Amino acid sequence: MFKFIKKSSKTPGMPPGALVHVGDKKTDVTNIQLFDYGQGKCIAKNIDNLEEIKECHKTESVTWLNITGLHDTRIIEQIGNIFSLHPLVLEDIVNTGHRPKVEEHDDYFFIVLKMLYLDKDKALCSEQVSLILGEHFLITFQEIEGDVFSAVRERIKNGKGRIRKMDCDYLAYALIDAIVDHYIHIMGEAGDQIEMVELELETDPTQQTMEKLHSIKREMLYLRKRIMPVREMLNLLIKSESPLIQEKTVVFFRDVYDHINHVIDTIETFRDLLSSMLDLYLSIVSNRMNEVMKVLTIIATIFIPITFVAGIYGMNFENMPELKWSFGYSMVWIIIGVVTGVMLIYFKRKKWL
Amino acid sequence: MFKFIKKSSKTPGMPPGALVHVGDKKTDVTNIQLFDYGQGKCIAKNIDNLEEIKECHKTESVTWLNITGLHDTRIIEQIGNIFSLHPLVLEDIVNTGHRPKVEEHDDYFFIVLKMLYLDKDKALCSEQVSLILGEHFLITFQEIEGDVFSAVRERIKNGKGRIRKMDCDYLAYALIDAIVDHYIHIMGEAGDQIEMVELELETDPTQQTMEKLHSIKREMLYLRKRIMPVREMLNLLIKSESPLIQEKTVVFFRDVYDHINHVIDTIETFRDLLSSMLDLYLSIVSNRMNEVMKVLTIIATIFIPITFVAGIYGMNFENMPELKWSFGYSMVWIIIGVVTGVMLIYFKRKKWL
Amino acid sequence: MFKFIKKSSKTPGMPPGALVHVGDKKTDVTNIQLFDYGQGKCIAKNIDNLEEIKECHKTESVTWLNITGLHDTRIIEQIGNIFSLHPLVLEDIVNTGHRPKVEEHDDYFFIVLKMLYLDKDKALCSEQVSLILGEHFLITFQEIEGDVFSAVRERIKNGKGRIRKMDCDYLAYALIDAIVDHYIHIMGEAGDQIEMVELELETDPTQQTMEKLHSIKREMLYLRKRIMPVREMLNLLIKSESPLIQEKTVVFFRDVYDHINHVIDTIETFRDLLSSMLDLYLSIVSNRMNEVMKVLTIIATIFIPITFVAGIYGMNFENMPELKWSFGYSMVWIIIGVVTGVMLIYFKRKKWL
Amino acid sequence: MFKFIKKSSKTPGMPPGALVHVGDKKTDVTNIQLFDYGQGKCIAKNIDNLEEIKECHKTESVTWLNITGLHDTRIIEQIGNIFSLHPLVLEDIVNTGHRPKVEEHDDYFFIVLKMLYLDKDKALCSEQVSLILGEHFLITFQEIEGDVFSAVRERIKNGKGRIRKMDCDYLAYALIDAIVDHYIHIMGEAGDQIEMVELELETDPTQQTMEKLHSIKREMLYLRKRIMPVREMLNLLIKSESPLIQEKTVVFFRDVYDHINHVIDTIETFRDLLSSMLDLYLSIVSNRMNEVMKVLTIIATIFIPITFVAGIYGMNFENMPELKWSFGYSMVWIIIGVVTGVMLIYFKRKKWL
Amino acid sequence: MFKFIKKSSKTPGMPPGALVHVGDKKTDVTNIQLFDYGQGKCIAKNIDNLEEIKECHKTESVTWLNITGLHDTRIIEQIGNIFSLHPLVLEDIVNTGHRPKVEEHDDYFFIVLKMLYLDKDKALCSEQVSLILGEHFLITFQEIEGDVFSAVRERIKNGKGRIRKMDCDYLAYALIDAIVDHYIHIMGEAGDQIEMVELELETDPTQQTMEKLHSIKREMLYLRKRIMPVREMLNLLIKSESPLIQEKTVVFFRDVYDHINHVIDTIETFRDLLSSMLDLYLSIVSNRMNEVMKVLTIIATIFIPITFVAGIYGMNFENMPELKWSFGYSMVWIIIGVVTGVMLIYFKRKKWL
């Protein structure tokens, strides 16, 4: 089950910029992948020695450095030195419990957001992704090797579409867009789940239905906490007047902004829908109880009086004239018939039958 | 049943501007209709060859191109080329799961909104309508041939009223106004439904009443999600200082803005009303349960004690002096009368009778 | 019962400015009343021929034209021509389902608001009032001849107070103030109703109490929908820098603004209060149910076991030694006494008695 | 019990500035008290003839005029004339149902707020206090002679502290501060009440507990309605750039502003806390009902079957072989034992025992 | 249990700046500790005579004065004189019931916030911390000697990291950061508690579960009240253009701001989660009741009719033909079997079995 807050292994009061990896260690090896591409060329290779990068990112071509695995803080620190990143930025990269945000530094943007996806069992997973967007370079930090970015990698390699003709900011957009596309995918799945629960509500709701409702609500809260700040983040990027984000790329960021708005609208709508479904469920439970009680009441109010009549003539008094009447027994049945009839009419009137 | 989110058939990570039709294919043929009118003239024809348009939209007269059917992405792409539309605009046109919005491009506005109407079974339907408002031309994209725009077409053909004397922005207004008029119509229908449910609540509410409540609530959520962004959209149009929207047309847009505000107010009021109706329903269910329980309790508390008395004198002990008393049997009836009387007085006091 | 939305008889897609009366026809004759007053003079007469007005409103004195009855759209149109009003303004005047608003036109303000009052049966009624505030003239449109404006008319005729010395904007203020005073009056009545329901809750709440609660809540929703936009409207009037509203009148409008704020605060407080009363009511119902169940449970748990004992010795086995014991019958009574005693102690401990 | 809205005795439509006292007449005599102090001097006396004031307030020293009792509108009018107050200001002073506000007039501030205090029976009382802050004079209007201002009076007489060295704006601050201190005191009392109710909830909640909850909630609504606008009011005073409020006094007003914020935060927190307590209470009631039902069910499901067994052998058929068996009676007891045992095990498993 | 509001021992109406300690006296001795450090040096000592400070804080090096214990108002007053603090600042320092805030004075910032921590029994504790940030000096006031600041002290003594190279503003940041780190720690603990309650809800929820829910909700309200204003406070510090906060330190404050945002997001998410858990709990209780009722109803509706049958043949009428039939007794068992069978089928159909 996902956690709403990650416990920091950082002791309170530690100096800022202290590189402590917060979160589960999800991969063993830190893997560094380099893309270096321009209109004509495209180099893709794995990096072992960080010295190689030093030269690379000073060229005009787009340099994309993708780091997978955050537990090895020495590598993160080395990269921080090469690109002269602020110590707080490095601290935030390795603290995977961070809130999505954007920070504008002197010569780069620092962007944190959450990659959300469903694993094989349709369970919601969340990985933190950090982006450093500089002039001619983009560095991305991921917790594990996901397949969210693979479509973008493919597009770079193929050289199809716009991506090889554009700069780093477009690459950043393409990656964020891929992440947000996953959000929409998750919302679609959640919509299906909600529909199934609605169907259950209509046919045969049980306590399990209620538990599913709660678990989807929980999921919505989880998503909202992770997605809500992304809207603010994108808004800041769009409004920023930094030369790092070119005029022609802004229109693309605005497009992702629309998508995020759509996702947030949907989350809010789902929350309202879920609470309406809860009301429906509770009213169904109430009605069922009512029905159970009615059955009990009908049976009891018919049979208790006539059992009493039978009880009366089961008494052993010596002096009970009715017992000796020849029509006594028939009389009892008549009484029983009348009582039952009256009760049934009463219930009909009350619309209990 | 309407869906709250459309699943994108676009694979996450696909390049932006990829033309993938999202949504159900609702019509087989793509139909292109051209209106070309000015103060004196009015041409209306169906277009087969898109080459015809090329010349048309450069004249001073108003050119309205209405495309019905979005599944044939090649046609959309061709139109995009002729009017030099941004690839993202084309992507949004064919993605029918989009959020209402307006985008100001260099020489055109791109507007997306939802046409909502009730079908024959009074079920709520939603179609996406996109508008491209340029200088002297307006392009509209619809999923199916609806009759929402037919009144406007009639007005153009008749040449009555203001429409033939005004420019494209007025035509855009007229179409948006027709759509918003439908929203008001739907709200009126919803108001009728709510009134009927209120009547049911007053007379004889059942679980069906509750289900109707839930389904109207669901409808309100659906409407809010689709209508809320339209307010923001119109506000942007009114505040935009683009020459494409003339000063004299702004007052008309402000009028639609008022209507949208009215619709949104009504949606919010209905939501509050529905939740108050839910409370009423739940309290009715509670009261019914109470009444059922009271009937059971009254019958049981009267008959259980007197049945016990009858049970006592049904025992077969050899040595039971009362059985031999001549007034024993009458005594039992007196006891029963007293017990019943006491109970009835008690229930009267408790106001259960 | 009041409606939350008026169905428009206007067909969707009709041209804007089409004069279609929306709402019930509440009066048969359209009545036009003219006030023409200045510091020294005061003329009040009914108008039959609209030609008379033409000259009138061009003088320096204040001209107040009050039209009662909106169904005769030709008269409205004629007035529109004389004062050169925008077609949309005329459309809004006859559409009585409109949202309160203010529109600043070139040489006049167009104001729509709702006159709310209680009829003889204390039922809430709502009439639309539209005001056209121009230089030296004010036109008011009412659905029926109400007595809301009569106090203002009296003041004009008497010439007492400030009103004859001030301009049209002050007259507009005086009329709006009279309307808002009625809102406060209605809130006072609602406060009384709420207090009565609270008293019922304390003494003897029934399902009727709940229905009253719901109906007051409904009323609050209705009021909020009609009154909320008035605040915004007044704010716009105060902030407008139009010469039509003089500096010295603004302080009066600010005073009405305070009153509206007070009304809105009260509506919000009442809503919260009503929902707290609902909680109280539901808890009372729950407690009652609890009490009913306790009575049933106490009676049943005492008598069911002892009836069983009596049942045992009612059996007809040949071989039942107890039946022959001389103290057998007394023993049964002792058992019954013990069982009852134990039960009573148990209930005392549980605080059910 | 406090009212949420005061019914205006002013007839709707009366001219603005009409002096009609709204509210209960709480004192018989109107009492006018004058303080005239500066660094060296301090005069305190009661005023009978309003002529005396005329000269007084034109000096450089601080003149504080405190009027107690608002029903005598002639006196209010006279004061209005002397200090040339706007008619609307006078109207608002005598209308004790007014919303807290500040109005900036040409040469004075008009401030309305509510003095809240607990009377001997700890019941919440509310009096309206109006302040006119001019250059070198402050006029305060109270409904009754309260002791809220007495501490300030003492400080002026003693000449201790800062107050004699400061101007009118500081005096206004000191009075508002005294009022706000009372708000905090009331919140403290409410906090105690809530704690007592929480204790009751933990030990032995009854319907009375629920009624206390409702009454505290009611109180919170009442307080919020009266206190919320004070924040806005103080904010306007702080931001106003009028010379009437000196730079060095602003820091003091900011301090009261913090206190009001604290009070409002506490009101909101209490509201949330109360609603959580309501949930707790309702769940306790539900659990109790559950327990009652369990006792009934356990007793009934054990004894009903075994009573049936006894009933069977109470039948009088001639041909019932079991009755003649010598071990028949023992067999019945064995059956009873087995049934009871099975039921008990079932209840244990269900955790009902 | 923590209190939501501290009762002020200050009598309402007392002059502002009156030094009255509000809150519990938590320590006996007031302890003054001095840190005086720069790049090269670091002096740490306890101060007895306040005269020593006078010289100290005028040097270029960073002077940190930490006062523990606030009950001795004379010492606070003396410090106020030395650093010429505003009387209202001193009043707020000793009033430990204050709302977090920042105040910008001429040559210092006054910051109030709450140090929150869990004591040995995991109970939430709150201490007020005030900071005076001046040029080259920082004064901190604490209620008791906590260990929240000890990590910072350690860093100063070691001279490791950035702290010795930076100015007072960085020290202020480091202390606030230490406090906020504790907030995150508390949220983590709360997250664990919520998870445990969720587990209980899934397995075996009792009334205790509900009480835990309420107590966590209470805690959240308490935290929100104390933490919410810190965000606003930090925002003011970041936006302030005072030279006291250097450009290079702002980035650090922005980092704490992110952390506070994260904490507030989490509080809001937890609140929503808790209310969803409450719904789940209530539905579980309802379902249990339903199950109890079903068992009762099934047993009762099967046995009451067949007991009646047995009752009938227990009657002592002389003339009851069935009693003499040889197959009479078997017939009764057949009737019983049929009735039971019918009932069981009925319950199966209703899905009660």
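## Buried strand, chain E

A residue is buried if 20 or more other C-beta atoms lie within 10 Å of its own. By that count, strand β3 (residues 62-68) of chain E is mostly covered, with six of its seven residues buried. Keep in mind throughout that this is a predicted model.

What does β3(E) pair with? On one hand there's strand β1 (residues 31-37) of chain E, which joins β3(E) through seven bridges in the antiparallel sense. One of the pairs here puts Y37(E) with V62(E) as its bridge partner in β3(E). There's also strand β7 (residues 137-142) of chain E, which runs parallel to β3(E) and is joined to it by six bridges. In that pairing, T63(E) stands opposite F137(E) of β7(E). As background, side chains in a regular strand alternate between the two faces of the sheet.

## How chain A is laid out

Chain A has nine helices and seven strands in its secondary structure. Its radius of gyration is 34 Å, well over the 20 Å that the globule rule gives for 353 residues, so chain A is more spread out than a compact globule. The C-alpha trace tells you about the proportions: along the principal axes of chain A, the spans are about 120 × 45 × 30 Å.

The domain assignment splits chain A into domain 1 (31-282) and domain 2 (294-349). Where do the C-alpha centres of domain 1 of chain A and domain 2 of chain A lie with respect to each other? They sit 76 Å apart. As for burial, 46% of the 353 residues of chain A count as buried. If you take the contacts in chain A with a separation of 6 or more, 70% of them are between residues 24 or more positions apart.

## Copies around an axis

Two copies of a chain are related by a rotation about an axis and a shift along it. For chain A and chain B, the numbers are a turn of 72° and a shift of 0.1 Å along the axis, which lays chain A on chain B with an RMSD of 0.1 Å. The two copies are thus related as by a five-fold rotation axis. Which residue of chain A has its C-alpha nearest the axis? That's G314(A), at 4.7 Å from it. These copies use different surfaces, since 14% of the contact residues of chain A recur in chain B.

Chain E goes onto chain A in the same manner: a turn of 72°, a shift of 0.1 Å along the axis and an RMSD of 0.1 Å. Of the residues of chain E, G314(E) comes closest to the rotation axis, with its C-alpha at 4.7 Å. Here too the copies meet through different surfaces, because only 14% of the interface residues of chain E are also interface residues in chain A.

## Where chain E touches chain A

In this interface, 56 residues of chain E are in contact with 48 residues of chain A. On the chain E side, α4 (150-158), α5 (168-203) and α7 (247-312) each supply at least two residues. Which helix gives the largest share of that side? It's α7(E), with 33 residues.

By residue type, the side of chain E that touches chain A divides into 24 nonpolar, 21 polar and 11 charged.

## Loop residues worth a look

S84(B) has a phi near 45°, a positive value in a residue other than glycine. You'll find S84(B) in the loop between α2 (73-82) and α3 (87-94) of chain B. Is S84(B) buried or exposed? It counts as exposed, because it has 11 C-beta neighbours inside 10 Å and the cut-off for exposed is 12 or fewer. Over in chain E, S84(E) also has a positive phi near 45°. S84(E) lies in the loop between α2 (73-82) and α3 (87-94) of chain E, and with 11 C-beta neighbours inside 10 Å it counts as exposed.

In chain C, H105(C) is in the loop between β4 (101-104) and β5 (108-118). H105(C) has 16 C-beta neighbours inside 10 Å, so it counts as partly exposed. Leaving out residues up to four places away in sequence, H105(C) touches H86(C) and F110(C). H105(C) and L85(C) are 20 residues apart in sequence, and their C-alpha atoms are 9.0 Å apart in space.

Key: Residues are numbered from 1 along each chain as its sequence is written. Chains are lettered from A and ligands numbered from 1 in the order in which they are written. This is a predicted model: local features need pLDDT of at least 70, side-chain atom pairs count only at pLDDT 80 or more; totals for chains, interfaces and linings use all residues. Helices (H or I, at least four residues) and strands (E, at least two) are DSSP runs, numbered from the N terminus. Two residues are in contact if their C-beta atoms, placed from the backbone, lie within 7 Å. Ala, Val, Leu, Ile, Met, Phe, Trp, Tyr, Cys and Pro count as nonpolar, Asp, Glu, Lys and Arg as charged, and the others, Gly among them, as polar. The radius of gyration is taken over C-alpha atoms; the globule rule is 2.2 Å times the number of residues to the power 0.38. Domain bounds come from an automatic or database domain assignment. Two strands pair if DSSP finds at least two bridges between them. Copies are superposed by least squares on the C-alpha atoms of residues with pLDDT of at least 70 in both.
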